[in-house]
Amino acid sequence: MTETLLTETPATSHDVAARVVHARKEYGTGDSSVVALDGVSVTFAAGAFTAIMGPSGSGKSTLMHCLAGLDTLSSGQAFIGGTDLATLSDAERTVLRRDRLGFVFQAFNLLPTLTAAENITLPADLAGRKLDKAWVDTVVSTLKLGDRLGHRPSQLSGGQQQRVAVARALVSRPEVVFGDEPTGALDSKTGTELLKFLRSAVDELRQTVVMVTHDPVAASYADRVIFLVDGAVVEELAAPTRDDVLETMKRLGD
Ligand SMILES: Nc1ncnc2c1ncn2[C@@H]1O[C@H](COP(=O)(O)OP(=O)(O)OP(=O)(O)O)[C@@H](O)[C@H]1O
């Protein structure tokens with residue numbers, strides 16, 4: 001089925017899942033202003049897993065937030081598929097995030113009064129979108145949540161809550177899943193399972209994943225790593241190994 005999907009996908013602009021062009025972001029004005037992004041142009045291919053790395057303060061979160069419609073650029077453009085985010089109102093950006101993107105951040109943002117199952121399907125329920133039950137079952141069983149679906153977040157461990165958040169991000173097959181240190185709060189075994197799951201979602205379902213991380217092992221699961229320094233992309237690695245990533249991090253002073 002995946003092969004059919006792949007061969008039938010026409011070569012359109014949708015082969016680019018997200019991109020920024022001459023992206024500049026400045027916080028504040030005058031003497032106290034900080035340039036967080038200084039003319040970044042980068043493309044994220046559909047069906048690829050990209051890691052964004054770089055020293056603290058290099059602009060990783062800013063780039064992800066501006067790409068994902070959580071913040072706006074000072075100048076330049078950010079696109080999700082063919083949609084220029086600057087053409088959308090705040091309300092339209094909210095709908096775009098809900099309907100077209102998935103988020104796996106360190107704060108799980110689960111609703112405490114809802115069960116795991118209700119949290120997982122909430123974005124789709126709010127959007128009035130029907131989920132593919134077989135895929136929901138696959139996500140739930142791969143993330144080993146089958147026996148936790150009736151529990152509320154307070155009845156789950158941190159790792160289980162993170163897996164619920166991951167399931168919520170993936171069940172609707174969003175155009176792009178954005179992760180900000182998605183393994184940061186997990187023990188290494190659960191973190192490895194999560195990375196393997198993201199990898200298989202990319203390989204088997206052509207999911208697009210963009211992940212900010214400081215962890216060279218996490219980055220080695222990606223197809224490509226881009227490195228930011230002082231708000232600019234300074235280097236890229238394709239098919240990175242942990243050692244490639246470590247060596248580049250050392251060289252760039254991370
Ligand atoms: N809301 C804000 N107001 C002012 N400055 C900000 C704001 N958010 C980020 N910055 C500044 O912009 C720069 C880039 O920050 P950003 O959070 O994007 O970096 P990062 O690479 O994600 O860092 P870290 O790895 O520490 O999370 C930093 O100098 C930061 O202090």
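## The exposed side of helix α7

K189, K196 and E204 are exposed on one side of α7, where exposed means that 12 or fewer other C-beta atoms, placed from the backbone, lie within 10 Å of a residue's own. This is a predicted model, so to speak of local features takes a pLDDT of at least 70, side-chain atom pairs count only at pLDDT 80 or more, and totals for chains, interfaces and linings use all residues. Residues are numbered from 1 along each chain as its sequence is written.

## The buried side

Now flip to the other side of α7. L194, L195, L198, A201 and V202 are buried here, with buried meaning 20 or more of those C-beta neighbours. Looking down the axis of α7, these buried residues fall within an arc of 115° (taken from the directions from the helix axis to the C-beta atoms), so they line one face of the helix. What covers them includes β3 (49-53), α6 (158-170), β8 (209-212) and α8 (216-219).

## Length and end of α7

Helix α7 runs over residues 188-205, 18 in total. From first C-alpha to last it reaches 25 Å, close to the expected 26 Å (1.5 Å times one less than the number of residues). After α7 comes R206, with a positive phi near 60°.

## A look at V229

V229 sits in strand β9 (residues 224-229). Why does V229 count as partly exposed? Because it has 18 C-beta neighbours inside 10 Å, and partly exposed is whatever falls between buried and exposed.

Leaving out residues up to four places away in sequence, V229 touches G54, P55, S58, V234 and L252 (contact means C-beta atoms within 7 Å).

Note on methods. Helix = DSSP H or I, 4+ residues; strand = E, 2+ residues; numbered from the N terminus. Contact = placed C-beta atoms within 7 Å.
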